[in-house]
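Hi everyone, thanks for coming. Let me put the structure up on the screen.

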Protein chains: 2
Amino acid sequence: MEWQLHPKMNEKLYLKDPDHSEIGKKIISNGISLIRKIGFELFTFKKLAEETGTTEATIYRYFENKLRLLNYIVSWYWHWLDYQVMFNTNNLTDAEKKIKVTIQILTWQLDTNHARQDIDLEDLHEIIISESSKVYLTKHVSEDNKEQLFMPYKNLCSRISQIFIEYNPGYVYPRSLATTMIEMAHYQDFFMNNLPSLTDFGNEKNIKHVRNFLVDLIFSTLEKKLN
Amino acid sequence: MEWQLHPKMNEKLYLKDPDHSEIGKKIISNGISLIRKIGFELFTFKKLAEETGTTEATIYRYFENKLRLLNYIVSWYWHWLDYQVMFNTNNLTDAEKKIKVTIQILTWQLDTNHARQDIDLEDLHEIIISESSKVYLTKHVSEDNKEQLFMPYKNLCSRISQIFIEYNPGYVYPRSLATTMIEMAHYQDFFMNNLPSLTDFGNEKNIKHVRNFLVDLIFSTLEKKLN
DNA sequence: TATTTATGATAGTAATACTATTATTTATAA
DNA sequence: TTATAAATAATAGTATTACTATCATAAATA
């Protein structure tokens, strides 16, 4: 018997909860596959309506605009990821192991554990890599922040920074190191696949290299200094 | 007597060289201030034409579209930054000092040395922080890359990675560490000012904290390990 | 069964992202 | 100096985008 996660999303992200209707769920799942396919710039509600077999007007009843829909999708992902980190580190006593598990999760590859009926996590992961920063790299980031639109990302950052503190209570930049780890998990992946000369993994494009880079980076930085 | 830098820009970035005419130069300088002011999403060639006292059609003769103009501006900045790093590290013998100088340059604040008549470097720096990633986070990144549109960024990355190698020839991820340093110099700045709880510098928003974070991160990582 | 609520179908608007045409001004070359 | 070429201005036009509005109908609920 499968247990499906239903994160409680920030109500400011939508006009009508897409999780409360069949068409709403289709908007999300088709939205994910369409954004993945054509990219956020060329993505429009009209195209999504056609894909979903509904009308533009209906989608506008759920989301104010396409950036809000993207933010909904991205927030869902951070929520999911935060849960994965929590679940997989909770039973561990060793902070070093927790960090390594977290890096594994941040740089995950599809396996059966992650399969879901409605949401294509592989597409979602690609969207996070290529599009997620667009939700906060705007002129209205401060207003959005006041409406708590970035909480799931902040929660994840906070959780990871606590693990860092557990590993080395004396380290003074746990939050900045957490955002560095999250962002670089995605950026190095994007660069490896699209602009490989910006990385050291170009010859053999394998996510394992990103993991090794991150493990080295994080543990070097967290190592207690004796001077 | 002042000596002005004129980087040779990739010809694929423009249709007609904006550096060869007065109106072209105005398109660039007004473009920078307008993008800074209203953000790239709301920026249009029509608004830029009004600001510049010319017509949309004229701007389209210089740039294919607004993304190309952004890429031109961003490339100009990377080129300028690369020169700054080269110039300011060239005479140094100590690789540690070179790295520290590079971090200073990446997190620069306006001073008289940087003043230019036509290009507002402060605006440009803000654009780099908030908009620069949008030039490669697209579906056409590979085609753009084939046309060498990201060379200045790659050159900077390459230069920094060489300094890392100079400091520790045994370090295996110099390029990835260079992109990490560049990206985080800007991301931590953006987060500090807009989403401060994602950093450890929220109380006193000062770029010095970003610098200290980067110095700690980079030198911890580059330190030779003896095991 | 009555009534609310959601969706579909359709229309419409202002702005965006361009392309095209022609006249006029400016720069350069004979 | 004039002829010629090139650049720009002025204007118009098109398809698409990002919405808003209206009304009829279908589905859910009271």
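I'll start with chain A and then move to the DNA.

A quick word on ground rules: this is a predicted model, where local features need pLDDT of at least 70, side-chain atom pairs count only at pLDDT 80 or more, and totals for chains, interfaces and linings use all residues. Residues are numbered from 1 along each chain as its sequence is written, chains are lettered from A and ligands numbered from 1 in the order written, and side-chain values use heavy atoms, leaving out hydrogens and water.

So, chain A. You'll see ten helices and zero strands, with helices being DSSP runs of H or I, at least four residues, strands E, at least two, both numbered from the N terminus. Of its 227 residues, 56% count as buried, meaning under 20% relative accessible area with a 1.4 Å probe, protein chains only. The C-alpha atoms fill a box of roughly 65 × 45 × 35 Å along the principal axes.

Now, which residues sit closest to DNA strand C? They are A:Ile23, A:Thr54, A:Thr58, A:Tyr62 and B:Tyr60, out of 17 that surround the strand, where near means a heavy atom within 4 Å. Sugar and phosphate make up 64% of the atoms of strand C that come within 4 Å of the protein.

Some side chains to look at: a side-chain N or O of A:Thr58 is 3.1 Å from a phosphate oxygen of strand C, while for A:Arg61 a side-chain N or O is 3.1 Å from a base oxygen. Helix 3 (56–62) of chain A and helix 3 (56–62) of chain B are the elements giving two or more residues to this surface.

Methods:
Polar contact = N/O pair within 3.5 Å; in protein donor to acceptor, adjacent residues only side chain to side chain. Buried < 20%, exposed > 50% of the residue type's maximum accessible area, 1.4 Å probe, protein only.
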